[in-house]
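User: I would like to go through a structure with you, one short question at a time. Could we start with a single residue and then widen the view?

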Amino acid sequence: MAETLTATSPLQGYSEKFAHLAPTVTLREEPFVAMVDLWSDPEGHAASQASAILGLDLPTTPSTYVSNDTLTVVWMGPGEWLISAATRSGCRARGSASR
């Protein structure tokens with residue numbers, strides 16, 4: 001039988017080390033961010049559908065991103081975007097983007 005994975009922060013074991021940092025240093029973790037990689041022709045129908053579902057225009061300028069209250073979409077290359085969401089599970093984010 002398959003084992004169930006438990007969400008574990010990548011920084012889980014570092015809280016004591018972070019406590020010893022200088023007061024001028026601030027670290028803030030964004031735990032369990034769901035990420036989906038989207039590949040599509042930027043001028044195609046799928047990109048239009050993705051934009052409509054996400055409620056954001058996909059960025060087409062190199063090294064740019066767009067975001068709203070729940071999503072961030074980063075331009076990764078021609079026809080590739082990284083969609084991240086801290087408020088959705090990866091499966092739900094993937095399901096929304098694949099409609």
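User: Which helix does S51 lie in?
Analyst: S51 belongs to helix α2, which covers residues 45-54. Please keep in mind that this is a predicted model.

User: Is S51 buried or exposed?
Analyst: S51 counts as buried, because its relative accessibility is 16% and the cut-off for buried is under 20%.

User: And what does the side chain of S51 reach?
Analyst: The side chain of S51 reaches the backbone nitrogen of L58, at 3.4 Å. Apart from neighbours within four places in sequence, S51 is in contact with L56, D57 and L58.

User: L58 again. Where does L58 appear in the nonpolar core?
Analyst: L58 is among the residues with the most contacts inside the largest nonpolar core, together with L38, L54, L71, V73, W81 and I83. That core has 13 residues. At least two residues of this core come from each of β1 (34-39), α2, β3 (71-77) and β4 (80-85).

User: Let us take V73 from that list. Which residues is V73 in contact with?
Analyst: Neighbours within four places in sequence are left aside here; the contacts of V73 then include L54, L56 and L58, as well as W81, L82 and I83. Y65 and V66 are also among the contacts of V73.

User: What is the bridge partner of V66 in β3?
Analyst: The partner is V73. The strands β2 and β3 pair in the antiparallel sense over 3 bridges, and a hairpin of 3 residues joins β2 to β3.

User: How many bridges join β3 to β4?
Analyst: There are 6 bridges between β3 and β4, and these strands run antiparallel. One of the residues involved is G77, whose bridge partner in β4 is E80. The hairpin of β3 and β4 has 2 residues between the strands, and in this hairpin G79 takes a positive phi near 80°.

User: How far is G77 from T61?
Analyst: The C-alpha atoms of T61 and G77 are separated by 8.9 Å, while the two residues are 16 residues apart along the chain. T61 is located in the loop between α2 and β2. T61 counts as partly exposed, because its relative accessibility is 45%.

User: Changing topic: how many aromatic pairs are found in the whole structure?
Analyst: The search finds 1 aromatic pair. Y14 and F18 form this pair, which is stacked, with 6.0 Å centre to centre and 25° between the planes. Y14 is partly exposed, with a relative accessible area of 37%, and F18 is likewise partly exposed, at 32%.

User: What about the whole chain, in terms of helices and strands?
Analyst: The protein chain has 3 helices and 4 strands. Along the sequence, they follow the pattern α-β-α-β-β-β-α. Of the 99 residues in the protein chain, 26% are buried.

User: Which element has the lowest mean pLDDT, and which the highest?
Analyst: Helix α3 (residues 90-97) has the lowest mean pLDDT, 52, and strand β2 (residues 65-67) has the highest, 96. For the protein chain, the mean pLDDT is 84, and 87% of its residues reach 70 or more.

User: Why should one be careful where pLDDT is low?
Analyst: Where pLDDT is low, the predicted coordinates should not be read in detail. Helix α3 is the element with the lowest mean value in this chain.

Methods. Residues numbered from 1 in each chain as written. Heavy atoms only, no water. Buried < 20%, exposed > 50% of the residue type's maximum accessible area, 1.4 Å probe, protein only. Polar contact = N/O pair within 3.5 Å; in protein donor to acceptor, adjacent residues only side chain to side chain. Contact = heavy atoms within 4.5 Å. pLDDT = per-residue confidence, 0-100. Phe/Tyr/Trp six-rings, centres within 6.5 Å; stacked < 30°, edge-to-face > 60°. Core = buried A, V, L, I, M, F, W, Y, C linked by side-chain atoms within 4.5 Å. Pairing = 2+ DSSP bridges.
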